[in-house]
Each structure stands twice: as C-alpha cells, then as structure tokens.
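Here is a short report on one protein model. Keep the coordinates open while reading.

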Amino acid sequence: MFDPELDLSIERFMRATPEKVWQAWTTPMLLEQWWVPHPSRCRVIELELRAGGAFRTEYSDGEGPFAPHLDACFLLVEPGRRLIFSDALTAGFRPAEKPFITADFHFEPAPGGTTYRAHVMHKSPDDRDRHVELGFFDGWTTVTEQLAALVETAAN
C-alpha cells in the first residue's frame with residue numbers, strides 16, 4: 001500500500017508485452033542498457049532471480065571506472081508479473097549495513113502493451129525526502145523512459 005509520507009512511485013504505459021518488459025529487467029545485457037541514466041553506464045555483477053537472490057550492480061559516470069551502485073536482495077520474483085528487491089538485505093537475506101529502499105515493480109498487461117509501475121518504499125520521511133533531493137523523479141523517470149525505448153523498439 002502506498003504511503004505518501006514514505007513512498008515514491010513512477011508509472012508508465014509501454015507498447016510492449018509484459019514478457020518483453022520482464023526480459024529487459026531480467027537479462028543482464030539488457031538491464032545494463034537502461035538501469036542508470038545515460039551517459040552513465042551500468043554493469044550487472046549478480047542477478048539471481050529468486051527470493052534471497054543477489055541483485056548487485058556497478059555504476060560508471062560516463063567513461064570513468066566502475067564503482068558499487070546497488071547491493072540488494074530479491075524478496076519476491078513472479079516471472080512476467082512482479083519483482084521486489086531491498087537493499088536492507090543482501091544475498092541470502094543477510095542484513096545490510098545501510099538500508100535505504102525496498103522497490104516493488106509491477107508488469108501489468110494492458111490493451112496494446114504493459115502498465116509498468118515502480119513503488120519505492122523508505123523507512124522514514126527523511127529517507128524519502130533525501131531520495132527526492134538525490135533526484136528520484138528525474139533519475140527514475142529517465143531510466144523508465146530508457147526501458148520503454150528499449151522494449152518498444154524490440155517489440156517492433
């Protein structure tokens with residue numbers, strides 16, 4: 001359930017099937033193409049699509065060296081429908097040192113495509129506000145648009 005004091009969300013219709021959107025989310029080579037705003041680059045280190053599985057990525061700002069970006073754990077994996085991960089845990093449900101978000105992604109069939117929804121939860125209003133200050137809306141909207149461009153091109 002969405003709590004406006006703690007949560008942020010992005011929603012977009014994509015002209016591609018939920019399976020295509022899922023594939024772009026769960027195939028490392030495809031995820032690397034859209035997971036961070038261009039011209040930055042992403043490298044998928046681990047993507048274990050199961051509850052307790054690792055989700056680790058690295059980030060490079062343009063041509064610079066890669067550095068840690070995300071070290072999270074999948075909580076729920078429903079192929080073609082839903083993914084939930086949290087950086088409050090690392091692989092194997094091990095507690096993380098500095099939790100920040102839990103993210104819940106829905107891939108819902110809609111006439112002519114998919115309604116894609118990202119619901120990002122925070123432990124406190126301060127963390128939510130910090131995420132907004134860090135550029136949540138610009139960044140997450142950009143990567144959602146990059147995802148849409150990838151899957152809509154692949155759908156044609």
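## Cysteines

The model is predicted. Cysteine 73 is buried, because its relative accessible area is 0%, under the 20% limit. Cysteine 42 is buried too, at 7% relative accessibility.

The structure holds zero disulfides. Cysteine 42 is in none: the nearest cysteine sulfur belongs to cysteine 73 and lies 18 Å away. For cysteine 73 the nearest cysteine sulfur is that of cysteine 42, again at 18 Å. A disulfide needs the two sulfur atoms within 2.5 Å, so this pair does not qualify.

## Nonpolar core

In soluble globular proteins, nonpolar side chains tend to be buried together. Here the largest nonpolar core has 36 residues. Trp25, Trp35, Phe55, Phe85 and Phe105 touch the most other members. Helix 4 gives the largest share of this core, six residues.

Phenylalanine 55 shows what such a core member touches. Beyond its neighbours within four places in sequence, phenylalanine 55 is in contact with Trp25, Trp35 and Phe85, among others. Its further contacts include Leu31, Leu47, Leu70, Ala72 and Phe74. Glu46 and Asp71 are also in contact with phenylalanine 55.

## Leucine 83

Leucine 83 sits in strand 5, residues 82-86. Is leucine 83 buried or exposed? Leucine 83 is buried, because its relative accessible area is 0% and the limit is 20%.

Leaving out residues up to four places away in sequence, leucine 83 touches Trp22, Trp25, Thr26, Leu49, Phe74, Leu76 and Val77, among others. Ala103, Asp104, Phe105 and Phe107 are also among the residues it touches. Tryptophan 22 is 61 residues from leucine 83 along the chain, yet their C-alpha atoms are separated by 9.2 Å.

## Largest pocket

Rolling a probe the size of a water molecule over the atoms shows where empty space is left. The largest pocket holds about 710 Å³ of space. It is lined by 25 residues, and the closest to its centre are His69, Leu70, Phe100, Ile101 and His131. Strand 4 (67-78), helix 3 (125-133) and helix 4 (136-155) are the elements that give two or more residues to the lining. By class, that lining has 13 nonpolar, five polar and seven charged residues.

Histidine 69 is found in strand 4. Histidine 69 counts as partly exposed, because its relative accessibility is 37%, between the 20% and 50% limits. Sequence neighbours up to four places away aside, histidine 69 touches Trp35, Val36, Thr57, Glu58 and Tyr59. From histidine 69 to glutamate 11 the C-alpha distance is 23 Å, with their positions 58 residues apart in sequence.

## Serine 9 in strand 1

Serine 9 lies in strand 1, residues 7-14. Serine 9 is partly exposed at 34% relative accessibility. Which residues does serine 9 touch, not counting those up to four places away in sequence? They are Phe2, Ala118, His119, Phe136 and Phe137.

Serine 9 and aspartate 104 are 95 residues apart in sequence. In space, C-alpha to C-alpha, serine 9 and aspartate 104 are 9.4 Å apart.

## Phenylalanine 66

Phenylalanine 66 is in the loop between strand 3 (54-60) and strand 4. At 24% relative accessibility, phenylalanine 66 counts as partly exposed, because the buried class ends at 20%. Not counting residues up to four places away in sequence, phenylalanine 66 touches Arg41, Cys42, Arg43, Glu58, Tyr59 and Ser60.

Proline 79 is 13 residues from phenylalanine 66 in sequence. Their C-alpha atoms are 29 Å apart in space.

## Backbone exceptions

Most residues other than glycine have a negative phi, and most peptide bonds are trans. Two sites depart from these patterns.

The peptide bond from histidine 38 to proline 39 is cis, with omega near 15°. Proline 39 is in the loop between helix 2 (28-34) and strand 2 (41-47).

Phenylalanine 93 is not a glycine, yet has a positive phi of about 65°. Phenylalanine 93 falls in the loop between strand 6 (89-90) and strand 7 (94-95). With a relative accessible area of 43%, phenylalanine 93 is partly exposed.

Technical notes: Residues numbered from 1 in each chain as written. Predicted model: local features only at pLDDT ≥ 70, side-chain atom pairs only at ≥ 80, totals over all residues. Heavy atoms only, no water. Buried < 20%, exposed > 50% of the residue type's maximum accessible area, 1.4 Å probe, protein only. 1 Å grid on protein atoms, 1.4 Å probe; cavity = no way out; pocket = protein on both sides within 12 Å on 5 of 7 lines; lining within 4 Å. Points joined across faces, edges and corners; volume = space filled by probe spheres on them. Helix = DSSP H or I, 4+ residues; strand = E, 2+ residues; numbered from the N terminus. Nonpolar A, V, L, I, M, F, W, Y, C, P; charged D, E, K, R; others polar. Core = buried A, V, L, I, M, F, W, Y, C linked by side-chain atoms within 4.5 Å. Contact = heavy atoms within 4.5 Å.
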